[in-house]
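Colleague: I have a structure open and would like to learn how to read it. Can we go feature by feature?

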Amino acid sequence: MWILFGWHTWWGESGRPYRFKITLTKKGLPDDAGIYIFVQRRFAFFLFPLYIGKAANFKNRLIGHERWWEAWWKRGATERHVLVVKKASDRARIEEDLIRRYQPRMNDILIPRGHNDAPNNARLRFWWKLKRMFRIPFLAR
């Protein structure tokens, strides 16, 4: 039997995996800081990220979120995925890594504008340059 809810791993552009908890209700939101993704689930197993963001406190940010109505009503979001990350610098890095990989329709600031658009984060930029220098097939998109 396949488990449809619980945990899901999203991979960043850098190749790092991030394990998110799937929440369907307000009670499932932790009081911590971290990264969240509004997700559309199709045919039970296909997940499409619609919006990726960061929050200093999940409950304060996600309850009544200004983009949730658009994601749910217009784009068909079915759930929220949350990843607890304490440090603000790590939250910014992970958010940019995921946005660059998936390029969600509702995000527009951190999406790369072209093939040569390097990441803003220094750590991500280092790995991006290394992949481009050596053209390593298993690390390239």
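Colleague: Which residues does His81 touch, not counting residues up to four places away in sequence?

Modeller: First, a caution: this is a predicted model. His81 touches His8, Trp10, Phe20, Lys21, Ile22, Ile35, Tyr36, Ile37, Val39 and Leu47.

Colleague: Where does His81 lie?

Modeller: Look in strand E5, which covers residues 79-84.

Colleague: Is His81 buried or exposed?

Modeller: Buried means under 20% relative accessible area. His81 has 0%, so it counts as buried.

Colleague: Which side chains make a polar contact with the side chain of His81?

Modeller: Trp10 is one partner, at 2.9 Å. Glu79 is another, also at 2.9 Å.

Colleague: On to strand pairing. How do E1 and E2 run, and how many bridges join them?

Modeller: They run antiparallel, with five bridges between them. Take Trp7 as an example: its bridge partner in E2 is Lys21.

Colleague: What lies between the strands in the hairpin of E1 and E2?

Modeller: Five residues. Check Gly15 in this hairpin: its phi is positive, near 95°.

Colleague: How many bridges join E2 to E5?

Modeller: Three, and these strands also run antiparallel. Lys21 appears again here: its bridge partner in E5 is Val82. Recall that Lys21 is among the residues His81 touches.

Colleague: Now salt bridges. How many does the structure hold?

Modeller: Six. The cut-off is a side-chain nitrogen of Lys or Arg within 4 Å of a carboxyl oxygen of Asp or Glu. One of the six pairs Arg100 with Glu13, and their closest N and O atoms are 2.8 Å apart. This pair links distant parts of the chain, 87 residues apart. Arg100 sits in helix H3 (residues 88-102), while Glu13 sits in the loop between strand E1 (7-11) and strand E2 (17-23).

Colleague: Are Arg100 and Glu13 buried or exposed?

Modeller: Arg100 is buried, because its relative accessible area is 3%. Glu13 has 12%, so it is buried as well.

Colleague: Which residue forms a salt bridge with Asp32?

Modeller: Lys86, with the closest N and O atoms 3.4 Å apart. Asp32 lies in the loop between E2 and E3, and Lys86 in the loop between E5 and H3, so the pair ties together parts that are 54 residues apart in sequence. Now check accessibility. Asp32 is partly exposed, at 29%. Lys86 has 61% relative accessibility, so it counts as exposed.

Colleague: Where do Asp90 and Arg93 lie?

Modeller: Both are in helix H3, three residues apart. That spacing is about one turn of the helix. Their side chains meet in a salt bridge of 3.5 Å, N to O. Asp90 is partly exposed, with a relative accessible area of 22%. Arg93 counts as buried, because its relative accessibility is 7%.

Colleague: Last, the surface. Which residues make the nonpolar patch?

Modeller: Phe43, Phe45, Phe46 and Phe48 make a nonpolar surface patch of about 470 Å². Start with Phe43. Its place is in the loop between strand E3 (34-42) and strand E4 (46-55).

Colleague: Is Phe43 buried or exposed?

Modeller: Exposed means over 50% relative accessible area. Phe43 has 72%, so it is exposed. Set that beside His81, which is buried at 0%.

How values were computed. Residues are numbered from 1 along each chain as its sequence is written. This is a predicted model: local features need pLDDT of at least 70, side-chain atom pairs count only at pLDDT 80 or more; totals for chains, interfaces and linings use all residues. Side-chain values use heavy atoms; hydrogens and water are left out. Helices (H or I, at least four residues) and strands (E, at least two) are DSSP runs, numbered from the N terminus. Buried means under 20% relative accessible area, exposed over 50%, partly exposed in between (1.4 Å probe, protein chains only). A polar contact is a pair of N or O atoms within 3.5 Å; within protein, one must be able to donate a hydrogen and the other to accept it, and residues adjacent in sequence count only if both atoms are side-chain atoms. Contact means heavy atoms within 4.5 Å. Patches are made of residues with over 30% relative accessible area and no salt bridge: like charges are joined within 9 Å, nonpolar side chains (Val, Leu, Ile, Met, Phe, Trp, Tyr) within 5 Å. Accessible areas come from the Shrake-Rupley method with a 1.4 Å probe; for residues, only the protein chains shown count as cover. Two strands pair if DSSP finds at least two bridges between them.
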